[in-house]
Amino acid sequence: MARPLVSRFIAGDSLEAALPVVRELVQDRYVSLDHLGEFTTDDSIVRDAVTLYTDVLDKLADDGIADRVELSVKLSSLGSALTRDAFPATLAAAQEICAAADAAGTCVTVDMEGAGTTDLTLSVVRELRRDFPKTGLVLQAHLRRTESDCREIANSGTRVRLCKGAYQHPADAVYSTREEVRESFRRCLSILVSSDTYPMVATHDPRLIDFAAGLAARTKCGRGDFEYQMFYGIRPAEQVRLAAEGAKVRVYVPFGTEWYPYFMRRLAEHPSNLFFLLRGEGPA
Ligand code: FAD
């Protein structure tokens, strides 16, 4: 019953199924490719994930599109529930993927996950950036700490994806209203834009997209100084419009069979999708 809606958000069960989508998107946009999977604790699944990412990179290089496609990687898919004990193994797996990406002429952004993972994820990215300085990190504007994290990394030259945040955190760690989260997003983006980081504005929210465009114009940010990022299947017409205006737009494209948690986060963000799910349709 969920299939039409799932296929709106997920590019395919396999790389072969997702590649035509990626080839089409890179005609006017950029892509961040995510192999779905999270909370893996089995070593053999981690090895499979590393092998799969290196295969992906080989295919992108063969196609001559590796410079337009980066990878998004969740540390919880690399063998840890993000505990201190698992840190060395998770870091080693992430380093292998970053090395393969670097060799193919592209890079990795490490997704940010839920409660208790922020500090560990930031320290893994800090380690990865020693050898692979283009490795990106994600900051979640709904967290009260994020403005201070932005100031801390302001002069590190890091690629930073700023998003609202899709995971649960303790109530006292997050802003509670939608407008507070937007205000935090605006403050954080202002810090990033006036620093030497490379901001990646990950939102579909028209008010924040307008704010980013105005900020870029006021601070004379050019096409190469920042990018917009949106999910595959969400506001595609807006993606095309921004790209046609000359902005750099990257589409986050998930693929694989482990789609359930990703799909449920997209449903939770936009409950009207449930209506389409119950009717067995993909929404307009
Ligand atoms: P919203 O207010 O949720 O949405 C604005 C408008 O966009 C809605 O009114 C609607 O028109 C449309 N829209 C948004 N979501 C949907 C949907 N599911 N279905 C249909 N329409 C929709 N979060 C993390 O915690 N960690 C990450 O690493 C992370 N990476 C991300 C990478 C990218 C490229 C993007 C775009 C988001 C990422 N997120 C991540 C998710 C993010 O934190 C938000 O949960 C998500 O983007 C929804 O917030 P919004 O800013 O788009 O605003």
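The following exchange considers the ligand and the two largest pockets of this predicted model.

Trainee: What makes Gln 140 a polar contact of the ligand?

Mentor: An oxygen atom of the ligand is 2.8 Å from an N or O atom in the side chain of Gln 140, and a polar contact is a pair of N or O atoms within 3.5 Å, so this pair counts as one.

Trainee: Which atoms of Arg 161 and Arg 266 lie by a nitrogen atom of the ligand, and why are these pairs called polar contacts?

Mentor: In Arg 161 a polar side-chain atom lies 3.0 Å from a nitrogen atom of the ligand, whereas in Arg 266 a backbone N or O atom lies 2.8 Å from a nitrogen atom of the ligand. The limit is 3.5 Å, and therefore both pairs are polar contacts. As for the ligand as a whole, the protein covers 89% of the 940 Å² of accessible area that the ligand has on its own.

Trainee: How do you know that Gly 165 belongs to the shell around the ligand?

Mentor: Gly 165 is listed among the closest of the 26 residues that surround the ligand, together with Thr 203, His 204, Arg 266 and Glu 269; a residue is near a molecule if one of its heavy atoms lies within 4 Å of it, so Gly 165 meets that condition.

Trainee: Where does the ligand sit, and what makes that statement valid?

Mentor: The space taken by the ligand is the largest pocket, and a molecule sits in a pocket if more than half of its atoms lie within 2 Å of the grid points, so the ligand must satisfy this. Strand 4 (136–140), strand 5 (159–163), strand 7 (227–231) and helix 10 (260–269) each give two or more residues to the shell around the ligand, with strand 7 giving the most, three residues.

Trainee: How many residues line the largest pocket, and which element gives the largest share?

Mentor: The largest pocket, with a volume of about 1,400 Å³, is lined by 44 residues, and Lys 164, Gly 165, Ala 166, Arg 266 and Glu 269 are the closest to its centre. Helix 10 provides the largest share of that lining, five residues.

Trainee: What makes His 35 a lining residue of the second largest pocket?

Mentor: Lining residues have an atom within 4 Å of a grid point, and His 35 is one of the 21 residues that line this pocket, so an atom of His 35 lies within that limit. The second largest pocket has a volume of about 350 Å³, and helix 3 (residues 43–63) supplies the largest share of its lining, five residues.

Methods:
Residues numbered from 1 in each chain as written. Predicted model: local features only at pLDDT ≥ 70, side-chain atom pairs only at ≥ 80, totals over all residues. Heavy atoms only, no water. Polar contact = N/O pair within 3.5 Å; in protein donor to acceptor, adjacent residues only side chain to side chain. Areas by Shrake-Rupley, 256 points an atom, 1.4 Å probe, with all protein chains shown as cover. 1 Å grid on protein atoms, 1.4 Å probe; cavity = no way out; pocket = protein on both sides within 12 Å on 5 of 7 lines; lining within 4 Å. Helix = DSSP H or I, 4+ residues; strand = E, 2+ residues; numbered from the N terminus. Points joined across faces, edges and corners; volume = space filled by probe spheres on them.
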